[in-house]
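Okay, thanks for coming, everyone. Have a look at the structure I'm putting up, and then I'll talk you through its empty spaces and one pair of helices.

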Amino acid sequence: MKAKPPTKPASDHIQPRIVPSRETRTQRKDRALQIADCLGKLYPDADCSLRFSNPFELLIATILSAQCTDKRVNVVTIDLFKQWPNPQKMSQASLQDLENAVKTTGFFRAKAKNIQGCCRKLVDQFDGVVPQTVEELTSLPGVGRKTANVVLGSAFGLAEGVVVDTHVGRISRRLGLTKAKDAIRAERDLIREIPRNQWVVISHRFIQHGRSTCLARKPRCVGCGLVNLCPKVGVPKHLKISQ
């Protein structure tokens, strides 16, 4: 089922304004705060769309989510975790069995190899417990900063960074909060502009906004709840004024 575009917030939620072509650092930070506040009103229940019941399940699901939809991952992990519910058991699975189990998520050979290596390192170096630091998480096979931020934020409630996926990167650039196409640099820009207590939830809200309104090819600028806060960087002119 396709997500429905959110209802535009009442006029008192966002004061009409024109985004200046050149902002001072203070102006941009102020606008970022307004964006975060508006997204909170538009998507108050936004959360991680990967299904998990513990940090280990979220870690594996996030590895599988690379170049794959969360919906597909959620289907695959039902049987995956029934068969191998913890790092100890999954580390003992054969590579071929893991490949067959995750095949429909794409890039299954690389993902299976990373999952096997990740589980073995969890067992050998972390007693089968998912660590709670970026440095330790990114030492695991298949785990980059994005995956580490997902696990820390959604499984442990730790705000160590901002998850930057394709939706978050695209929308952040359109909003003029970053110019970077590289996820690491984009995250650094967002960390400078967004308050730390918003780091975890802001990515979920960006993602929901990207799925419902700020689409990759045809953003629905007319009626968008962020219209008065967005300079629409990179958006073709005809899409800025049409449905």
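So, let's begin with the largest pocket, which has 39 residues in its lining; Ser-49, Asp-70, Asp-165, Ile-207 and Arg-211 are the ones nearest its centre. Keep in mind that this is a predicted model. The volume of that pocket comes out at about 1,200 Å³.

Who builds the walls? Quite a few helices chip in: H2 (55-64), H3 (70-83), H6 (108-126), H8, H9 (166-174) and H11 each give at least two residues to the lining. Which one gives the largest share? That's H11, with five residues. As for chemistry, the lining of the largest pocket is a mix, with 15 nonpolar, 14 polar and 10 charged residues.

Now for the closed-off spaces. How many cavities of 30 Å³ or more turn up in the whole structure? The search finds two. The largest cavity holds about 120 Å³ of space. There are 15 residues around it, and nearest its centre you'll find His-209, Cys-214, Cys-221, Cys-224 and Cys-230. Sorted by class, the lining of this largest cavity has 10 nonpolar, two polar and three charged residues.

The second largest cavity has a volume of about 50 Å³. Among the residues lining it are Asn-149, Val-150, Trp-199, Val-200 and His-204. Two helices, H8 (145-156) and H11 (199-212), each supply at least two residues there, and you'll remember both names from the lining of the largest pocket. What about charge? The lining of the second largest cavity has no charged residues; it has four nonpolar and six polar ones.

Last bit: helix packing. Generally, you describe two packed helices by the angle between their axes and the distance between those axes. Take H2 and H3 here. Their axes come within 10 Å and cross at roughly 130°, so H2 and H3 are oblique to each other. The crossing of these two is right-handed. If you want to find the contact on screen, look on the H2 side for Phe-56, Glu-57, Ile-60, Ala-61 and Leu-64, and on the H3 side for Val-73, Val-76, Thr-77, Leu-80 and Phe-81. By class, that contact between H2 and H3 has eight nonpolar residues, one polar and one charged. And both of these helices also help line the largest pocket, with at least two residues each, which takes us back to where we began.

How values were computed: Residues are numbered from 1 along each chain as its sequence is written. This is a predicted model: local features need pLDDT of at least 70, side-chain atom pairs count only at pLDDT 80 or more; totals for chains, interfaces and linings use all residues. Side-chain values use heavy atoms; hydrogens and water are left out. On a 1 Å grid over the protein atoms alone, a cavity is a set of points where a 1.4 Å probe fits but cannot get out, and a pocket is an open set with protein on both sides within 12 Å along at least five of seven lines; lining residues have an atom within 4 Å of a point. Grid points are joined across faces, edges and corners, and a volume is the space filled by probe spheres set on the points. Ala, Val, Leu, Ile, Met, Phe, Trp, Tyr, Cys and Pro count as nonpolar, Asp, Glu, Lys and Arg as charged, and the others, Gly among them, as polar. Helices (H or I, at least four residues) and strands (E, at least two) are DSSP runs, numbered from the N terminus. Axes are lines fitted to C-alpha atoms, for helices over the stretch in contact, and angles run from 0 to 180 degrees between N-to-C directions. Angles under 35 degrees count as roughly parallel, over 145 as roughly antiparallel, 65 to 115 as roughly perpendicular and the rest as oblique. A crossing is left-handed if the near helix is turned anticlockwise from the far one by less than a right angle, and right-handed if clockwise. Contact means heavy atoms within 4.5 Å.
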